[in-house]
Amino acid sequence: MDEGLRYSSSRETTVGSSEERVKFEGAAEQGLYDGSLGASPSHSPPPSTRFSRLAASFRARSPRLYHAAARAATYVRGPRPKVDLPNPVPLLGRTYTIKGRRFTIALEPVIIRFTRPLTASWLFVLLVAAYIISLSFLVRAQWYLIPASSFVGCTSVYWTGDAGCGLNGTLCAPFSNSSFDFRCPAQCSSVILQNPRVVGDAEVDFVPLLVGGGDSQKTYRADSFICASAVQAGLFSDSTGGCASVNLVGNFTNYLPTTAFGLSSIGFPSAFPMSFRFSPSNILTHCTDLRTPALAFNILITCLLFLVLRPRAIVMWWCLVCIGFWHTALFSQPQATPPPLDVAFGAFLPTLFVCYGFWRVAVRFTLPIFANAPFEAMIWYLAPYWTGVLTNLTMDEIPIQRLTAADIKQQPGGVIALIIIVLILFVLVVNQVRVIRKTGWLPYYLGWYIIGGLVALVLALLPGLQFRLHHYIISMVLFPGVGFPTRLSAIYQGFLLGMFLNGVAAFGFDSILQTAADLVQGGTTGSPIPTFLTNSTTYNASIALTNHTITWPSMPTAIANQGWNGFALLVDDVEVYVGTALNYSLAALEVGLPHFFRLAYATGNTPGDFTMPATLLSNGTWVDPLPGAS
């Protein structure tokens, strides 16, 4: 039998003595919860109270409804007095009877017996020191053997979207005759656009931005993601990252789409002033991303903790917290390349504080009961734990990037994925509620979760702010409800801890309330958009392109009163005009190519949202823009 810490003694310390719990739940124990709505335990209020009179009136008017409510309240209340769930018996350390035959599986006792000499405290301290030193060498090899300026992120580009490079792209010069040796991290193929990006007349979303690469020299438009482009061009693999040299080649016409190494690019049939090609790097060394070896090392260490070293439960907990946090911050999902250690340490201290709260409200009631089942504890905790720590990989195929209504609607399959997730969560929550009810603690937990739900509702209704449920917050909300001595609670705790550590180490403690500007991330802002006067009816294809002018109407007074004082025009995704004029000459455009036009209101040199592209085909046909902003 399991000789771990008993659940009952731990649970009592959470709420205090029996007298304190009776006082706390005095209101809940009266009325509906006594099974007869007001009939009398010794601590119940006298029959003359207002509640008793209302209960008596309700019983007289609707006896059926009254008794149904009484039965429901009694069911929710659970047993009285409260009971403790039995500790689970180890699956691999017990005797089974099948068809009258008895046989014993004694794997857990064998593990405990053979590893007992390795559980000494001095050995644990020594191995912790060895682990920290080994991890330091891994971190050094990962980040600090090449110049920090050589690292680029998965979304690094030479040309920023829309008007980000300024008028005629001057802010992004030089356009050619420049090269740069760089190192990319691994797994950049899974880093995608979070908002739609217009390229010519195409709209790209939820994929890495890759434009071109299909010609013999593998030429990419300058706003393509550099690392994903290098992977597609075959310079290194996505699983290991690597180094290469990027060379700017200036103006290029007709970028061809291609598919290679699991990545697809789109084409762009017109000219663009800045392009790049790749060549192998002859300068940089130590280019392989070590996140996979680091993951294998850390998984091995956590398995040894459960199976061999077997420290006290509280020590085991802090080991899991530290390993998961620093693996995320230094290897699997650093906030920058190389990782900003000041930012990581800034998040580490509040992480420890929150995780101590997790221990107090949940983990101390579950982890210690597996003291005599180390193999089983390793399975129940570590598999979901590493699934949560690696959320960026394990949840990569789920078509939901952010829990906002706009993102879920935009991404194909997002609504269906959300429905499936909600159904799975509903089943898990209902089962956990069933477990909590068996102990008699359900009213206590329901009360706190109802209060928390009301607070969240108030926050969600605050004007000018959007309620954002980050995944670290989901872990914090759910953790108190999984503090029970069951195997499922152990699984939930492992996953919730991993997901919490991934959230705070990779993104920090982002606010639960954010402004619309915080969530834009390159998307549209909802600003007003102008229109073109030139359209498919008024454009005369018989006139030479050099003699054409496109026009747009003057700014309405209502728009001007919002602070807009001019216009910005993109031609072929390059900002070519900012000012107050109402027309633009096409004399400088190359004949025989399609051209794309997008117009926006501007404040000074800062444009708002652009229109969708109007397209002038190479045969002189004008295609009006679709409605909406880009």
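Let's begin inside the protein: the lining of the largest cavity is made up of 2 nonpolar, 2 polar and 6 charged residues. Keep in mind as you explore that this is a predicted model.

**Two cavities**

Which residues line the largest cavity? They are Trp-159, Thr-160, Gly-161, Asp-162, Arg-197, Val-198, Arg-221, Asp-223, Asp-573 and Arg-598. Counting cavities of 30 Å³ or more gives 2. The second largest cavity has Ala-329, Gln-335, Pro-339, Pro-340, Val-343, Ala-344 and Ala-505 as its lining. Here the classes are 6 nonpolar, 1 polar and no charged. The table sets out the volumes and the lining classes.

| Cavity | Volume | Lining residues by class |
|---|---|---|
| Largest cavity | about 40 Å³ | 2 nonpolar, 2 polar, 6 charged residues |
| Second largest cavity | about 40 Å³ | 6 nonpolar, 1 polar, no charged residues |

**A look at Pro-196**

Now find Pro-196 in the structure. Pro-196 sits in the loop between strand S3 (176-184) and strand S4 (197-199). Is Pro-196 buried or exposed? Its relative accessibility is 27%, so Pro-196 counts as partly exposed, because that class lies between the buried limit of under 20% and the exposed limit of over 50%.

Which residues does Pro-196 touch, leaving aside those up to four places away in sequence? Its contacts are Glu-203, Val-204, Asp-205 and Gln-410. You can also trace the chain from Pro-196 to Cys-227: these two residues are 31 residues apart along the chain, and 20 Å separates their C-alpha atoms.

Definitions and conventions:
Residues numbered from 1 in each chain as written. Predicted model: local features only at pLDDT ≥ 70, side-chain atom pairs only at ≥ 80, totals over all residues. Heavy atoms only, no water. 1 Å grid on protein atoms, 1.4 Å probe; cavity = no way out; pocket = protein on both sides within 12 Å on 5 of 7 lines; lining within 4 Å. Points joined across faces, edges and corners; volume = space filled by probe spheres on them. Nonpolar A, V, L, I, M, F, W, Y, C, P; charged D, E, K, R; others polar. Helix = DSSP H or I, 4+ residues; strand = E, 2+ residues; numbered from the N terminus. Buried < 20%, exposed > 50% of the residue type's maximum accessible area, 1.4 Å probe, protein only. Contact = heavy atoms within 4.5 Å.
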